[in-house]
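I opened the model to look up three things: the ligand shell, the nonpolar core and the strand pairing. My entries follow in that order.

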Amino acid sequence: MSVEMIDDVERLMGLGVPYVRARGGSDYWLYATLFSATCPVAVDDGVLAGAAVAMRSQDDPGDVYVQDVMVHPGHRRRGIATGLLGVVTGQARRWGARRLYLTSEPGNTAADATWRRLGFTNLPGDTTTDAGIQVVSDFKGCGRHRAVYQRDLVAGAIAGRRNGDPGE
Ligand SMILES: CC(C)(COP(=O)(O)OP(=O)(O)OC[C@H]1O[C@@H](n2cnc3c(N)ncnc32)[C@H](O)[C@@H]1OP(=O)(O)O)[C@@H](O)C(=O)NCCC(=O)NCCS
């Protein structure tokens with residue numbers, strides 16, 4: 001992601017409702033300026049087709065957190081999310097991080113299928129949706145229930161290469 005792309009990224013993220021919402025322009029400036037190594041974009045024929053926002057934890061540098069993954073509705077099921085997460089994973093490995101983790105809304109079955117396909121584990125929660133997704137109540141604060149997923153970058157090194165992970 002670069003500063004020049006901020007308006008396009010904001011527009012793309014706005015298409016993700018209800019699961020992804022556009023953040024403010026200055027948030028994207030922050031991602032493009034301080035976290036660009038883990039905020040890849042996918043451009044298809046000059047059009048912004050996907051973007052991911054992730055960052056390494058300062059509190060625990062072994063963790064890389066994936067905040068948003070958004071693929072344009074007209075470009076889904078073509079491996080774009082797989083490629084974006086592959087870029088994030090490659091950088092996380094170069095840093096020596098131990099795991100990637102992320103959350104999604106409990107009803108987001110497309111995201112659930114994507115994370116599982118990419119080798120993430122749905123962490124145990126205190127409730128389970130009808131689709132069998134484990135959910136941690138109040139994970140992001142009061143009323144913000146989330147399905148939490150993680151991928152172990154140490155044990156997952158070999159399996160990861162089958163999941164679009166460039167490995168190291
Ligand atoms: C979830 C999302 C990012 C997936 O992006 P994508 O580029 O379509 O994903 P990929 O093409 O890399 O899919 C990889 C695999 O995940 C699984 N998958 C992805 N979308 C799926 C869906 N809708 N239903 C079932 N499985 C799905 C499939 O196994 C797929 O491989 P296949 O197409 O060969 O069968 C996309 O649907 C999206 O942007 N959704 C709206 C925003 C959102 O919910 N983001 C996540 C919030 S945290």
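Ligand shell. I looked up which element gives the most to the shell around the ligand, and H4 does, with 5 residues. Helices (H or I, at least four residues) and strands (E, at least two) are DSSP runs, numbered from the N terminus. This is a predicted model: local features need pLDDT of at least 70, and side-chain atom pairs count only at pLDDT 80 or more, while totals for chains, interfaces and linings use all residues. Residues are numbered from 1 along each chain as its sequence is written.

At least two shell residues each come from strand S3 (63-71), helix H3 (80-95) and helix H4 (109-117). Of the 20 residues around the ligand, the nearest are Tyr-19, Arg-76, Ala-81, Ala-110 and Ala-113; a residue is near if its C-beta atom, placed from the backbone, lies within 6 Å.

Core. I listed the largest nonpolar core (buried Ala, Val, Leu, Ile, Met, Phe, Trp, Tyr and Cys joined through C-beta atoms within 7 Å). Buried means that 20 or more other C-beta atoms lie within 10 Å of the residue's own. Among its 38 residues, Ala-52, Leu-84 and Val-88 touch the most other members. H3 provides the largest share of this core, 7 residues.

Strands. I checked the pairing (at least two DSSP bridges between two strands). S1 (residues 41-44) and S2 (residues 47-56) pair in the antiparallel sense over 4 bridges, with Val-41 opposite Ala-51 in S2. S2 and S3 are also paired antiparallel, over 7 bridges, and Val-53 has Asp-68 in S3 as its bridge partner. The hairpin from S2 to S3 runs through 6 residues.

Conventions: Buried ≥ 20, exposed ≤ 12 C-beta atoms within 10 Å, placed from the backbone.
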